[in-house]
2 protein chains.
Amino acid sequence: MENQKRTTIYDIARRLNLNASSVSRALSGNSNVSESTKALILKTAKELNYRQNSMASNLRKGENQTIGVVVPRINQNFFSNVISGIEEVTYQKGYNLIICQSNESYEREVKCVDTLINQHVSCIFLSISADFADNDHLKSIADHGIKLIQFDRVDDSMDTYKVLTGNEEAAFEAVEHLIEQGYKRIALLEGPQNLNIFRQRKAGYLAALKKHDFPIIEDLIRENAWTRELGAKATEDLLALPEPPDAIFASTSDFAALGVLDVAQNRGIKVPQQLGICGFSNEAFSEITQPSLTTVDQFSKEIGKNVANLYFQKMKKDGNAEQNKVVNVQPKLIIRNSTLKNG
Amino acid sequence: MENQKRTTIYDIARRLNLNASSVSRALSGNSNVSESTKALILKTAKELNYRQNSMASNLRKGENQTIGVVVPRINQNFFSNVISGIEEVTYQKGYNLIICQSNESYEREVKCVDTLINQHVSCIFLSISADFADNDHLKSIADHGIKLIQFDRVDDSMDTYKVLTGNEEAAFEAVEHLIEQGYKRIALLEGPQNLNIFRQRKAGYLAALKKHDFPIIEDLIRENAWTRELGAKATEDLLALPEPPDAIFASTSDFAALGVLDVAQNRGIKVPQQLGICGFSNEAFSEITQPSLTTVDQFSKEIGKNVANLYFQKMKKDGNAEQNKVVNVQPKLIIRNSTLKNG
DNA sequence: TTTATAAAAGCAATCGATTGCATAAAAATC
DNA sequence: GATTTTTATGCAATCGATTGCTTTTATAAA
């Protein structure tokens with residue numbers, strides 16, 4: 001029926017001539033209820049179709065078995081996989097997930113965090129938006145007694161638990177791979193430098209060049225090329241240089257790498273012979289392109305699991321202890337045809 | 001600080017020598033509070049860093065501004081887009097989303113629904129899992145005064161609000177397109193027939209054949225081919241027939257279509273000349289394959305928005321009124337090279 | 001059988017916000 | 001200035017479950 005009230009422990013108590021406290025104890029299975037009445041209560045609860053009201057329970061217990069997740073975009077492969085990984089763990093623990101997307105907007109990110117604070121969630125798992133401005137909202141999370149785990153895109157300046165990808169190492173490895181394949185002028189497509197992940201990937205790029213005594217050529221480094229279109233645009237510019245690159249590391253994403261490939265194909269530039277292309281993220285399509293794309297797998301679902309496990313295994317116990325606050329999930333370079341100049 | 005208690009309306013009241021009820025009224029902006037004290041309360045609230053405890057509020061008000069979503073897999077393109085669309089609308093309305101994934105398991109779907117009932121959510125948006133067994137759990141949702149909207153994969157036998165894709169029409173259109181292109185023996189890769197969407201797509205296939213006086217050849221209809229691997233496997237079988245098909249409609253997904261393409265490429269079969277291929281869902285990769293894949297775009301994000309709007313615009317008012325309970329989001333056939341025999 | 005002990009059940013306060021009703025204060029009317 | 005009306009505030013119950021404490025009942029020991 002639509003509007004009938006839900007059965008409460010009082011309904012059960014009344015029916016059995018008992019006190020609500022006994023019903024509560026019986027249902028939580030705790031203690032001090034005789035087996036016989038316990039069985040009776042459970043039976044009646046089932047008959048009356050009883051369900052615990054978790055609002056009341058949470059209010060009284062002062063804790064909410066709920067975790068809030070804030071990501072830039074739910075429907076982005078990386079994040080939907082992270083969420084899936086998180087959900088797998090939290091489901092096991094009987095926790096609920098409240099999901100918000102910031103849509104890459106700082107303002108909205110702040111609002112999402114606000115909502116989650118109001119909801120009194122136990123912990124917030126968060127990856128910051130592209131136009132991240134300051135971290136006041138993150139600080140206020142702790143003020144309200146809520147825990148915080150940052151993942152992937154994090155604010156380095158904050159001393160919170162974090163789950164990270166080895167962006168720098170992965171970028172280093174990717175560029176070194178390009179060098180080993182004999183590419184001489186390696187360009188970089190980079191993302192917004194207010195995001196740690198893009199800074200780190202750039203650092204990896206620079207470190208690899210340095211190690212192999214390659215000069216750093218500013219002209220070969222292109223900012224904000226993180227969509228297919230922007231990747232294509234940047235490629236056009238790069239190829240118009242007096243001395244164009246012979247390889248492009250699209251450190252932002254496989255989408256950008258796809259843009260590079262688009263341009264190469266339009267111009268009849270042979271990949272990987274004349275131009276090497278390396279992407280980032282191992283999107284599903286990257287093994288389907290012609291040629292298939294070399295890229296970096298970030299094990300996004302693993303990242304999600306790690307985030308959740310970090311909370312349950314360490315944070316709930318340690319509180320905010322000063323040890324091992326950062327977990328690294330090592331990514332892996334997936335070498336495919338788009339960079340195999342030496343076959 | 002970590003363990004300090006959160007400020008409540010009582011803290012504010014005490015500080016201002018007022019009663020908590022006035023504070024509550026002031027904060028909810030309702031009425032009957034003088035401008036001066038209202039301003040004072042708002043100011044103090046900010047000073048004390050007050051946040052409403054929504055557990056308490058919801059408990060008292062008996063409603064929970066929360067919606068539960070159950071999908072087979074969060075990290076599946078279609079569903080993550082639907083969720084994204086849902087979130088966009090619910091966010092506007094100040095509602096929270098609790099997300100669960102059934103992992104295509106009926107048992108887990110039941111548990112998800114259980115959890116959401118306990119959480120006392122206002123409404124559940126649900127798409128059933130592949131091994132859907134019965135609808136007792138769906139019925140019990142209404143028993144607890146919770147609304148239900150089914151989308152995409154629905155249990156037809158239940159009279160609930162629904163948001164659907166025009167699967168049958170889309171499949172019909174796809175097959176008709178193949179016929180118009182001159183394909184003569186059109187095979188079908190179909191999914192588990194306990195899911196409405198696959199039944200409907202099959203119906204569309206059959207209807208199109210019938211309209212054009214094509215015989216229905218059982219050998220050309222393959223069950224449970226809904227992954228890349230299974231699609232490839234089914235294609236192997238089809239091509240081994242004495243009279244193999246000259247087109248394959250992978251009604252299950254673009255992944256299955258990709259499996260078809262794999263086999264064609266391995267065997268040197270020319271697409272679309274010797275074999276036409278049509279997929280379903282318009283996955284990101286479908287325009288990247290060589291040749292690009294003809295497929296059906298379902299407007300998944302739109303579906304999500306429609307689901308949420310259905311709740312806010314109709315259901316909350318009408319209750320369970322008997323009119324216009326079903327919304328259709330019409331999909332669109334995206335014709336690409338894999339079927340353009342006459343291109 | 002009586003007393004000591006353990007187990008079972010009841011009582012009542014509590015979590016924090018909301019709201020109908022009552023009262024006090026301010027404003028409007030005569 | 002007295003009375004009515006409006007507005008502002010206070011009081012207290014309520015939402016449903018939990019839990020420390022007390023009382024009652026059953027069991028074990030003396």
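Start by selecting F249(A), which stands opposite C278(A) in β9(A). You are looking at a predicted model, where local features need pLDDT of at least 70, side-chain atom pairs count only at pLDDT 80 or more, and totals for chains, interfaces and linings use all residues. To find your way around, count residues from 1 along each chain as its sequence is written, with chains lettered from A and ligands numbered from 1 in the order in which they are written.

**Stop 1: the sheet around F249(A) and C278(A)**

Widen the selection to residues 247-250 of chain A. That is strand β8, which pairs with β9(A) in the parallel sense over 3 bridges. Strands here are DSSP runs of E with at least two residues, helices are runs of H or I with at least four, and both are numbered from the N terminus. Two strands pair if DSSP finds at least two bridges between them. As background, strands of a sheet pair through backbone hydrogen bonds, either parallel or antiparallel.

Now bring in the rest of the sheet. It is open, has 4 strands in the order β7-β6-β8-β9 (chain A), and is parallel in its pairing. At the edges sit β7 (221-222) and β9 (276-278) of chain A, each pairing on one side only.

Click on C278(A), in strand β9 of chain A. Is C278(A) buried or exposed? C278(A) counts as buried because 32 C-beta neighbours lie inside 10 Å. The cut-offs use C-beta atoms placed from the backbone: buried means 20 or more other C-beta atoms within 10 Å, exposed means 12 or fewer, and partly exposed is in between. Leaving out residues up to four places away in sequence, C278(A) touches several others, including A174(A), L178(A), F249(A), T295(A) and S338(A). Contact here means that the C-beta atoms, placed from the backbone, lie within 7 Å. For a distance label, try C278(A) to A256(A): 22 residues apart along the chain, with their C-alpha atoms separated by 9.6 Å.

Follow the chain on to A284(A), in the loop between β9 and β10 (295-297) of chain A. A284(A) is partly exposed, because 18 other C-beta atoms lie within 10 Å. Draw a line to L333(A): the two C-alpha atoms are 15 Å apart, with these positions 49 residues apart along the chain.

**Stop 2: strand β3(A) and its partners**

Jump to residues 123-126 of chain A, strand β3, and show the side chains. C123(A) and F125(A) point one way, I124(A) and L126(A) point the other, and all are buried. In a regular strand the side chains alternate between the two faces of the sheet.

Add β1 (residues 66-71) of chain A, which pairs with β3(A) in the parallel sense over 4 bridges. V69(A) stands opposite F125(A) there. Then add β4 (residues 147-151) of chain A, also parallel to β3(A) over 4 bridges. Which residue in β4(A) is the bridge partner of C123(A)? K147(A) is the one to pick. Show helix α7 (residues 136-143) of chain A too, since β3(A), α7 and β4(A) make a right-handed β-α-β unit. With the strands pointing away from you, right-handed means that the path from the first strand over the helix to the second runs clockwise.

**Stop 3: where chain A meets chain B**

Select the interface next: 41 residues of chain A are in contact with 41 residues of chain B. On the chain A side, the elements giving two or more residues are α4 (54-61), α5 (77-92), β2 (96-101) and α6 (106-118). That side has 12 nonpolar, 23 polar and 6 charged residues. In this scheme Ala, Val, Leu, Ile, Met, Phe, Trp, Tyr, Cys and Pro are nonpolar, Asp, Glu, Lys and Arg are charged, and the others, Gly among them, are polar.

**Stop 4: the DNA strands**

Select the 29 residues around DNA strand C; N19(A), S21(A), T8(B), S21(B) and A56(B) come nearest. To count as near, a residue's C-beta atom, placed from the backbone, must lie within 6 Å of the strand. Which element gives the most to this surface near DNA strand C? Colour α2(B), with 6 residues.

Then switch to DNA strand D, also surrounded by 29 residues, of which T8(A), S21(A), A56(A), N19(B) and S21(B) are the closest. Here α2(A) supplies the largest share, 6 residues.

**Last stop: zoom out**

Finish with chain A as a whole, which has 12 helices and 12 strands. Its C-alpha trace spans about 90 × 35 × 30 Å along the principal axes.

Technical notes. Two residues are in contact if their C-beta atoms, placed from the backbone, lie within 7 Å.
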